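Please look over the sequence and the structure shown here before reading on. The report is meant to be read side by side with them.

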Amino acid sequence: MPAMRIISLLPSATEIVFALGLGDSLVGVSHMCDHPAEARGLPIVSRSVRSKSHLSSAEIDTIIQQARASGNPVYIIDEDLLRRLQPDLILTQELCEVCAVGAGSVFETASKALDYQPEILSIRPASLDDIYGNIQRIGDAAGAGGSASGLVAELQERSAYVAERAEDGSRPKVFCIDWLEPLRNTGQWTPELVELAGGAEGLAEKWGKSREVGWDEVIAYQPDYVMVMPCAFNMDRTILETARLAEREEWNSLNAVREGRVYLFDGQIPSRHGPRVIDVLEGLAEAMRPDRFEGLTRPGIFRPASLRDLATVT
């Protein structure tokens, strides 16, 4: 029986496919699928209509808002390549039109480009349990249900370990930043991760949507910890964007900033609803309780913000 041919149009699903040992079945990806390294050499099926890698968070937000207002797409699918790749399974999403091509576009393009109907699996997670469920759904659809069950069990075991060791009766206030200009909090699973790590995300709604947050809210809240994790920005971009915050009087009025309780995350990881979400959980726990979790987190997930990171950009 021929191996299944899979196309993944979002980084989270690509990471899941590789984690399930199905990398050899992956024949196409989106332009943002960069982990693991093997994904970078695969044919690119969907692309952004405009390069945003050199733009600031404020400039990217303007482009997205203009696209929404005009009804123009943010991403496009290469119909010719889709036709040549002949996928059996296409993985897409209904969570965020900013992060990846939407399910509606995938169904429409597939119906035009293909003379058969592949299975199209669309995922829309909000909670950690949803992420586990999507790993299982992808595994079942790809004929790797057993591997998916094993992976979910491993992730649940790691999560339970953190939750048990983090519980000490205290709940430090945490503010997780999903975007910097305009300032936005995190949503969906991230407040849940904070809770499991022993903190409380008082400016966000667990399993809810991210929203714009006013600086007056943040100052009134006075978080004990600030976790900077701008969506889809790697660590270098996170450092650059965080330094821009030092220009703001409001930022410098936060106790967490003055007392060195700001942590920088590789923003490409918290926004992805795949196996590495547990790496983020471990990073949050280690940041808040290093005496209990020192050395737990894999390298590259997070690091304390240095004085240089927080220096004003000139």
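The sections below go from the whole chain to its sheet and then to its aromatic rings.

## The chain as a whole

The model discussed here is a predicted one. Its chain has 314 residues, and 54% of them count as buried, while the secondary structure consists of 13 helices and eleven strands. The surface that the chain exposes comes to about 14000 Å², and carbon and sulfur atoms supply 49% of that area.

Contacts also show how the chain comes together across its sequence. If we take the contacts between residues at least 6 apart in sequence, 70% of them join residues that are at least 24 apart.

## An open sheet and two helices

Six strands form an open sheet, in which the order is β4-β3-β2-β1-β5-β6 and the pairing is mixed. The edges are held by β4 (75-77) and β6 (119-123), and because each has a single partner strand, one side of each is left without a neighbour in the sheet. On average, and with direction ignored, neighbouring strands of this sheet are turned by 15° against each other.

One pairing in this sheet can be followed in detail, since strand β1 (residues 6-8) and strand β5 (residues 89-93) pair in the parallel sense over three bridges. Within that pairing, Ile-6 stands opposite Leu-89 in β5. Helix α1 (residues 11-19) packs on the sheet, where it touches β1, β2 (26-30) and β5, and the direction of α1 makes about 155° with that of β2. Helix α5 (residues 128-141) packs on the sheet as well, touching β5 and β6, and the direction of α5 makes about 175° with that of β6.

## Aromatic pairs

A pair of aromatic rings is described by two values, the distance of the centres and the angle of the planes. A search of the whole structure finds four aromatic pairs. In one of them, the rings of Trp-179 and Phe-233 have centres 5.0 Å apart and planes at 45°, so this pair is tilted. Trp-179 belongs to strand β7 (residues 174-180), whereas Phe-233 lies in the loop between β9 (225-228) and α9 (235-245), so the pair ties together parts that are 54 residues apart in sequence. Both Trp-179 and Phe-233 are buried.

Another pair is made by Tyr-225 and Tyr-263, whose ring centres are 6.4 Å apart and whose planes stand at 40°, so this pair, too, is tilted. Tyr-225 lies in strand β9 and Tyr-263 in strand β10 (residues 262-265), so the pair ties together parts that are 38 residues apart in sequence. Tyr-225 is buried, with a relative accessible area of 13%, and Tyr-263 is buried, with a relative accessible area of 12%. These two residues form one aromatic cluster with Phe-265 and Phe-302.

## Around the rings and along β10

Why does Val-262 count as buried? Its relative accessible area is 1%, and buried means under 20%, so Val-262 meets that cut-off. This residue lies in strand β10. The C-alpha atoms of Val-262 and Phe-175 are separated by 9.7 Å, although the two residues are 87 residues apart along the chain.

Charged side chains are also found over aromatic rings in this model. Arg-165 lies over the face of Phe-293, at 5.9 Å from the ring centre, and Lys-206 lies over the face of Trp-207, at 4.7 Å from the ring centre.

Notes
Residues numbered from 1 in each chain as written. Predicted model: local features only at pLDDT ≥ 70, side-chain atom pairs only at ≥ 80, totals over all residues. Heavy atoms only, no water. Phe/Tyr/Trp six-rings, centres within 6.5 Å; stacked < 30°, edge-to-face > 60°. Helix = DSSP H or I, 4+ residues; strand = E, 2+ residues; numbered from the N terminus. Buried < 20%, exposed > 50% of the residue type's maximum accessible area, 1.4 Å probe, protein only. Lys NZ or Arg CZ within 6 Å of the ring centre and 35° of its normal. Contact = heavy atoms within 4.5 Å. Areas by Shrake-Rupley, 256 points an atom, 1.4 Å probe, with all protein chains shown as cover. Pairing = 2+ DSSP bridges. Axes fitted to C-alpha atoms, helices over the stretch in contact; angles between N-to-C directions.
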